[in-house]
Structure formats: C-alpha cells, structure tokens
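The following exercises concern the packing of helices and the burial of residues in a protein chain. Please work through each task with the structure at hand before reading its solution.

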Amino acid sequence: MITKDLYERKELRELVRDFTRKEIAPHIDQWERDGEVPRELHEKAAELDLLGIGFEHGDLLDTVALTEEIIQNGGSSGLMAALFTLGIAIPHIWQSGNEDLIERFAKPAIRGEKIGSLAVTEPGAGSDVAAIRTTAVRDGDHYVVNGEKTFITSGCRADFVTTAVRTGDKGYQGISLLVVEDGFTRRKLDKMGWHCSDTAELHFDDVRVPAKNLVGEENQGFVLIMQQFQVERITMAVEAYATAQRALDLTVEWVRGRETFGKPLIKRQVVSHKLAAMAQKIDLARTYTREVAARIQRGEDCVTEVCFAKNAAVQACDEVVDAAVQLHGGMGYMRESEVERHYRDARILGIGGGASEVMTELAARRLGFA
C-alpha cells in the first residue's frame with residue numbers, strides 16, 4: 001500500500017515510471033489514432049493502486065508525483081485526462097460520505113471497473129458555473145433532467161456522469177449534483193489535441209434519475225464544485241510544467257544528435273541559451289506549484305496562489321513547447337514527433353479547469369483589486 005512517507009513516495013515514482021514506460025509509452029500513438037485509451041489500462045492502473053490515490057490512500061503530493069512521472073516518461077496531459085477522469089468525477093461523491101453512492105460509483109471507478117465523468121460546462125455557460133441551465137425537477141423518487149453539456153472529458157465512454165443541474169432558483173444557490181447513468185445521448189467531439197481522451201456533448205431529454213443519486217444536499221452543489229476546482233487546477237498546473245519538462249528533455253536529446261554546418265546544434269550559443277531559458281521557466285513554475293500543493297495539503301486557503309500557479313505553469317508550458325517545436329525544425333511539425341503532440345495538447349491547459357483570464361480575475365478579487 002502506498003503511504004505518504006517521503007521514502008515510499010520515491011517508491012511511488014519508480015512504480016509509476018515503470019508502469020508508464022511499459023504500459024503507456026509504447027501504445028500512446030495508437031491510442032491517439034483510436035481516439036481513446038482501452039478500458040484494460042484502467043484495470044492495470046487499478047491493480048497497482050494508482051486510481052485510488054487521493055481517495056483510499058495517498059494525498060495531493062502523491063498525485064503530484066504520479067502526474068509528473070507519467071507525463072515525463074512518455075505519457076501526456078491527454079493521457080492523464082483519459083485515465084484519471086475519476087479525479088474529477090468522484091471527489092464530490094467521496095466527500096459527501098454517502099456510502100451507497102461510494103459503493104455504487106466511486107469504488108468501482110477506483111477498481112478500474114467503471115469510468116466516471118464530470119459534466120458541468122454547457123454551451124452557454126463555460127467558466128460561469130452559476131449560470132448553468134440544465135434542470136432537474138423532482139418527480140416522486142426521481143429527478144427529470146433536461147438540458148445539455150459540452151466539452152465533457154470521457155463523456156463517450158463514461159458509465160456514469162456526475163452532473164451539475166439546476167434544482168432551484170437562478171444563481172449558485174440553486175445548483176445540485178446528480179449521478180446520471182443512462183438515458184441521455186452522446187456526440188463525440190473532435191479536438192485540436194488530447195486525441196487519446198474522448199470528449200463529448202451530452203443531451204438530456206426527460207432523463208429520469210433516481211433521487212438517491214443526489215450527491216450531498218439539494219441546492220448545495222456549487223460549493224462542492226468550487227471546493228474540488230482547487231485540486232483540479234493545481235493538478236493542471238502540474239500537467240503544464242511536466243509537459244514542458246518532457247518537451248525540454250526531448251529537445252535536448254534532439255539538439256545533441258542533430259548536426260548543422262559541421263557541429264551539433266547544442267554547441268551553438270543561441271541554442272544552449274534557449275535551452276537554459278526553457279529550463280528556468282520550468283523550474284520556477286514547478287517550485288512554486290509544488291509549494292502551493294503542499295500548502296493545500298496542510299489545509300491552508302490558497303485560492304489566489306492556485307490561480308497564480310496555474311497561470312504561471314501554463315505560460316511556461318506554452319513558451320517551452322513552442323520553443324521545442326522550433327528547435328526541432330521541420331521534424332517538430334510532423335505528427336511522428338512527440339513534441340508536436342505536446343504542442344497541441346498544451347493549448348487546452350489555459351482553458352480547462354478555468355480559463356487563464358478567469359484565474360486572473362479571481363485572483364484580483366481575492367486580493368481586493370477588483
């Protein structure tokens with residue numbers, strides 16, 4: 001069993017590194033073409049207790065280590081989205097303490113038996129969660145759900161979807177969370193990146209959902225969503241700097257072996273200085289994000305710092321992956337080049353989990369500037 005001890009976290013890193021190099025890296029290009037990862041991968045990850053980190057065992061710092069090792073050893077942020085969607089699908093269920101929901105949804109997801117998804121975003125309500133319009137009207141022992149959701153990660157493969165619905169008046173006070181299993185339609189969406197992570201548009205037309213699938217109390221869903229956003233955002237910050245580190249590692253390997261005009265690219269000052277600048281951006285983002293994660297783990301209020309961490313890591317990632325493609329030259333533009341995938345995948349990190357502009361606005365408000 002994985003614990004929080006520092007030494008055993010090193011063991012966790014070794015475990016995840018081996019898992020990634022054996023079970024992910026050799027197959028990820030095919031999964032990119034397939035548009036999804038196989039269910040067997042969830043089962044293999046569960047056998048190593050990786051899906052239970054943050055729930056049955058481990059903590060946020062274990063999640064940080066896990067994320068770093070997968071991406072930096074041949075995975076990707078898209079792979080993380082596909083394999084660990086339970087990280088956004090079941091926290092609300094786990095936190096509610098509802099044993100029935102935990103047994104029916106959370107634990108099967110941790111065992112790799114079920115795939116969960118989270119549906120909050122709507123065509124007319126992205127970052128403005130309080131403006132969602134999907135309704136759930138109580139009818140006896142059921143809720144009747146109508147509306148639509150979009151940009152839902154793992155929405156095509158999901159066995160259950162933790163869905164934000166309006167059960168009360170307008171605004172954040174009228175939002176609840178319901179676990180929806182079936183009865184809705186799905187449309188797969190094509191994306192710029194994250195190709196191995198399926199994304200869907202969901203339509204609910206008089207879908208009947210058992211009232212026992214309500215997560216927490218009615219009209220209290222907004223608080224649950226906001227509480228979990230902090231962990232999601234810090235995790236995306238980790239994905240950003242880990243992606244940048246992987247792109248840098250690949251680029252260093254490339255410029256060491258690539259010769260132009262009689263000498264390796266890395267021997268040219270313009271290249272070595274560019275690599276140093278890339279490394280600096282990554283290290284600053286990583287150091288700050290890790291510290292914020294540790295503060296969250298200690299129970300501190302870090303909303304402002306999470307916004308800073310996500311934006312700083314995303315900016316570093318954007319600049320590094322762009323430089324990585326440039327230093328790879330024409331090969332960096334080819335689909336067979338791994339940095340090309342990271343270049344595309346990185347673009348969503350400044351949008352998902354709260355756009356960079358929203359992070360800046362939230363931080364400004366918390367600091368009393370707006």
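**Exercise 1. Determine whether helix α12 is enclosed or open, and identify what covers it.**

Solution. The model is a predicted one.
Step 1: Helix α12 spans residues 338-346, and eight of its nine residues are buried.
Step 2: The buried residues are Glu338, Val339, Glu340, Arg341, His342, Arg344, Asp345 and Ala346.
Step 3: The cover over these buried residues includes α2 (28-34), α5 (77-83), α9 and α11 (303-328).
Conclusion: With eight of nine residues buried, α12 is largely enclosed by the rest of the structure.

**Exercise 2. Describe how α11 packs against helix α13, and classify their relative orientation.**

Solution.
Step 1: The axes of α11 and α13 (residues 356-366) are 9 Å apart and pack at an angle of about 150 degrees.
Step 2: Angles over 145 degrees count as roughly antiparallel, and α11 and α13 are therefore roughly antiparallel to each other.
Step 3: The crossing of α11 past α13 is left-handed.
Step 4: On the α11 side, the contact involves Val303, Thr304, Cys307, Phe308, Lys310, Asn311 and Val314; on the α13 side, it involves Ser356, Met359, Thr360, Leu362, Ala363 and Arg366.
Step 5: Sorted by class, this contact of α11 with α13 has seven nonpolar, four polar and two charged residues.

**Exercise 3. Carry out the corresponding analysis for α9 and helix α10.**

Solution.
Step 1: The axes of α9 and α10 (residues 269-297) come within 9 Å and cross at roughly 155 degrees.
Step 2: That angle makes α9 roughly antiparallel to α10.
Step 3: The two helices, α9 and α10, cross in a left-handed manner.
Step 4: Residues of α9 in the contact include Ile234, Val238, Tyr241 and Leu248, and those of α10 include Leu275, Ile282, Arg286, Arg290 and Ile296.
Step 5: By class, the contact of α9 with α10 has 17 nonpolar, three polar and two charged residues.

**Exercise 4. Establish whether Glu68 and Leu60 are buried or exposed, and find what each touches.**

Solution.
Step 1: Glu68 lies in helix α4 (residues 60-72), and Leu60 is also found in α4.
Step 2: Buried means a relative accessible area under 20%. Glu68 has a value of 1% and is therefore buried; Leu60, with 9%, is buried as well.
Step 3: Beyond neighbours within four places in sequence, Glu68 contacts Arg13, Val238, Tyr241, Ala242, Arg286 and Arg290.
Step 4: With residues up to four places away again left out, Leu60 touches Val231, Ile234, Ala293, Ile296 and Gln297.
Step 5: Leu60 and Leu284 are 224 residues apart along the chain, and their C-alpha atoms are separated by 20 Å.

**Exercise 5. Locate the residues with the most contacts inside the largest nonpolar core, and name the helix that gives the most to this core.**

Solution.
Step 1: The largest nonpolar core has 91 residues, of which Leu79, Ile90 and Ile93 touch the most other members.
Step 2: Helix α9 (residues 221-257) gives the most to this core, contributing 16 residues.
Step 3: A second, separate core has 18 residues, including Val145, Ala158, Val209 and Ala211.
Step 4: Apart from residues up to four places away in sequence, Ile93 touches Asn98, Leu101, Ile102, Phe105, Ala106, Phe160, Thr162, Val179 and Val215.
Step 5: As general background, nonpolar side chains tend to be buried together in soluble globular proteins.

Technical notes:
Residues are numbered from 1 along each chain as its sequence is written. This is a predicted model: local features need pLDDT of at least 70, side-chain atom pairs count only at pLDDT 80 or more; totals for chains, interfaces and linings use all residues. Side-chain values use heavy atoms; hydrogens and water are left out. A nonpolar core is a set of buried Ala, Val, Leu, Ile, Met, Phe, Trp, Tyr and Cys residues joined through side-chain atoms within 4.5 Å. Buried means under 20% relative accessible area, exposed over 50%, partly exposed in between (1.4 Å probe, protein chains only). Helices (H or I, at least four residues) and strands (E, at least two) are DSSP runs, numbered from the N terminus. Contact means heavy atoms within 4.5 Å. Axes are lines fitted to C-alpha atoms, for helices over the stretch in contact, and angles run from 0 to 180 degrees between N-to-C directions. Angles under 35 degrees count as roughly parallel, over 145 as roughly antiparallel, 65 to 115 as roughly perpendicular and the rest as oblique. A crossing is left-handed if the near helix is turned anticlockwise from the far one by less than a right angle, and right-handed if clockwise. Ala, Val, Leu, Ile, Met, Phe, Trp, Tyr, Cys and Pro count as nonpolar, Asp, Glu, Lys and Arg as charged, and the others, Gly among them, as polar.
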